Amino acid sequence: MSKRQLAMVMDLNKCIGCQTCTVACKTQWTNRNGREYMYWNNVETYPGTGYPKKWMDLGGGFDAAGDLQEGIIPNIEADYGVPWDYSYDSLATFDYTAGNEKAGLRPTSEPTWGPNWDEDEGTGNFPSDNYFFYIPRICNHCTNPGCLSACPRDAIFKRDQDGVVLVDLDRCQGYRYCIAGCPYKKIYFNPKISKSEKCILCFPRIEQGLPPACAQQCVGRIRFVGFLDDEESQVHKLVHKYKVALPLRSDYGTQPNVYYVPPTEAPAKFDAEGKVIEGSQRVPTEELEALFGKDVHTAIKILKDEKEKRAKTGESELMDLLIAYHHSDMFRLDNNYYQEFAKESGKSLLAPIDERYSSGKNTKEITHFKVHA
Amino acid sequence: MIKKLTLGLMFFATSSLFAEPAITAIKVSNSIDLSKTKPNDAIWSRAKSSTIICYPQTTIKFNDKKANELNAQNKAKAANISAIYNANSLAFKITWNDGTQNIQLPQKSDTYGDGVAVQFAQKFDDPKKLPYIGMGSKDREVLIYLQKAVEKYFEPNKDIEHQVSRDNTNAFGNDLKKYDAAVKALAINEYHKVFVGEGFRSMTQVRSDYGKLGMDMSYKGGKWSAVFTKPMSDEYVDISKVGAIPASFALWDGDKLGRDGLKYLSSWVAVKFQGKKGGDALVDELTSEPTGDVQAGEAQVKAMCASCHRFADQNAAPAAMGPALYNIGGYSTSAYLAESIKEPNAVVVPGYNRNAHKNFSWYSVDDNGTRTTTMPPMMSDDKSIADAVAYLKTLKAEVEK
């Protein structure tokens, strides 16, 4: 457990599945160097296969007694999907006179699966009772990370100052037990460098007082970022004061720090004549309970009550929070905190290496990384 | 009946045959640069090969479900190991059977390369207090040479300009060829690494040109052959002034998703330098058979150890309660076993990440980082310990044919 914990809240009622977060993350971090197939941030349609396929069934996490569970390591071809691309070269070298049936612009590999392959499919019968909603997923920066516990090299660490979980790429030897250990499958093997990589919660941005790219770019303003112990932060209010934001699959025992406001605002079902069935639940509450635990019932009630209160009286702090008027309120990162922490601990910012090893007695040179002062 | 009797007699007459083997390093001319030796060089015909058994590492179990299934029934593997030396270097050649050649590929997430390692003890003046076999222990550090079969890999963050996929560049034609060549030049084509370790999880890579010396492996006809060359003297381990050293060997089978602790591991093996004096105590210690009474030891060990450790048919202990002893006789020395029974705190290695099995702490750690084992001293009289060691030494998988 870290001294403080940064957390993110995502309001699923407002996620429109536009994948802007996905793209913001991809262009910033994962469009190169063996990370092409990785989505540190992805938005999946629920119910759906997810990314990687059926990640909820792949094990990892902890049992009730606190023992790390075995897991299955997905692979690129079958479970994530090989990222295909189109090359200028294929166009430039294509013989347009040969009467080819296929166009010159061809994928470099045959597309078979990808992170949003089954987007918007959902389940049920249109229009009577079909439903789906989006779950944007990043690393949960767990308080009890499965990846960290599984690592046989102590290469994964949780930063004291904000609980961000990072891989020390100098120590990582690409053994991949972390992937088996993470129940969310949010740590990935980079085959090109033979090391594991994951969402870093944009710590270089955070240390400068900027929110993670996915949160900054979110057009639906569904993402709140702040310290859980900061009572002024909207994250604190949503998680602890109003208790409407809940962790995803907390039954895995990793104590995740990304919280979700469950989707409550689906339209009612229609009957055979296409008439609204009053009071019906299009998104089954049992599904929400499976994802967000038993507390989801209370959360739904609070959300409904506050919505009604707002409608009647025009007042509700919770509804104001969820409307998300200003980025400056949604993100409370307190730039000075990091500056002060660095000064006090004598550590430099922007050093993605576990300090436990940076003065290690065993190596003369620590890393190939350029550490910025 | 007659056959049985003969075998019994043979056992008595030639018990030394059943003792642990040693490796004799043959002296070669100082003018030969051993760091350039390849597995198929003619010079190896002058060396004498010893059969060293590497046992499946079962002390701790990892959390890769598929790998655990593939490795559940592992038998021990025999490796043929020979050694040559001169004033500058010591070289090992290791040959072992592996029906499948597995190479880790840079575009696949589910390939694991076959691999091999040699472990050297930093200090070995007291042959009864060698480093813990699993990558050393506190104040008993080891130096590990490791090579794995890889196609190629890249170091992170060296050249950002050449990190994007070739299809994401704006280049085509000759420019694309140039781009490909620049990327190719950044690739590292061999996995040759050297680590310093003082116990599981502590292994740290030596980041200098040091590790790039003298390693090579090649596959032919269902066999891997690998060569490791170590300078006789360097800043980590000095072996230039002794008559014998301890070394241990490990093999990885990529076909069974082998990596890290999913390996086959030998015990400390005595390597005797031909024509050099000294090291007799070490050779004796590592080649002698345990003298205790196996049956008496078995009774004691089953009565005293099975509540925390799993071994042989004893599986009552919770899985993560204590280190599993299924192959402990294969990769531990008698001296280590005796020491651990009598004085469990002498060597307390970091086991699992303590967070992985919170209810089964193998040890506690104080503010100074000193580990204190959860295991109490089990026996104190020499006879009981010798008997227990004799039994524990029988705990090992049979050798693969």
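This is a guided tour of a predicted model, going from the contact between two chains to a sheet and then to salt bridges within each chain.

Before selecting anything, note that residues are numbered from 1 along each chain as its sequence is written, while chains are lettered from A and ligands numbered from 1 in the order in which they are written. Because the model is predicted, local features need pLDDT of at least 70 and side-chain atom pairs count only at pLDDT 80 or more, although totals for chains, interfaces and linings use all residues, and side-chain values use heavy atoms, with hydrogens and water left out.

**Stop one: where chain A meets chain B**

Select the residues of each chain that have heavy atoms within 4.5 Å of the other, which is what contact means here; you should find 60 residues from chain A and 60 residues from chain B. The buried area, meaning the accessible area (1.4 Å probe) that two parts lose on being put together, summed over both, is about 5300 Å² between chain A and chain B, and carbon and sulfur atoms give 45% of that area.

Next, look for salt bridges, each a side-chain nitrogen of Lys or Arg within 4 Å of a carboxyl oxygen of Asp or Glu: three of them lie between chain A and chain B. Select Asp154(A) and Arg201(B) to see a salt bridge whose closest N and O atoms are 2.6 Å apart. On the side of chain A that touches chain B, at least two residues each come from helix H2 (76-80), helix H3 (88-92), helix H4 (146-150) and helix H5 (177-181) of chain A, where helices (H or I, at least four residues) and strands (E, at least two) are DSSP runs, numbered from the N terminus.

**Stop two: a sheet in chain A**

Now colour the strands of chain A, where five of them form an open sheet with mixed pairing in the order S9-S10-S1-S8-S11. Its edge strands, S9 (246-247) and S11 (331-332) of chain A, each pair on one side only, and two strands are said to pair if DSSP finds at least two bridges between them. Zoom in on S9(A) and strand S10 (residues 258-261) of chain A, which run antiparallel and are joined by two bridges; here Pro247(A) stands opposite Tyr259(A) in S10(A).

**Stop three: salt bridges within the chains**

Over all chains the structure holds 36 salt bridges. Start with Glu265(A) and Lys307(A), whose side chains meet at 2.4 Å, N to O. Since Glu265(A) lies in the loop between S10 and helix H9 (285-292) of chain A and Lys307(A) in helix H10 (residues 296-313) of chain A, the pair ties together parts that are 42 residues apart in sequence. With relative accessible area, buried means under 20%, exposed over 50% and partly exposed in between (1.4 Å probe, protein chains only); Glu265(A) is partly exposed at 40%, and Lys307(A) is partly exposed at 43%.

Move to chain B and select Lys128(B) with Glu285(B), a salt bridge with its closest N and O atoms 3.0 Å apart. Lys128(B) sits in the loop between strand S5 (115-121) and strand S6 (142-148) of chain B, and Glu285(B) in helix H4 (residues 280-287) of chain B, so this pair ties together parts 157 residues apart in sequence. Glu285(B) counts as buried, at 18% relative accessibility.

Finally, return to chain A and select Arg159(A), Asp162(A) and Glu207(A), which are linked in a network of salt bridges.
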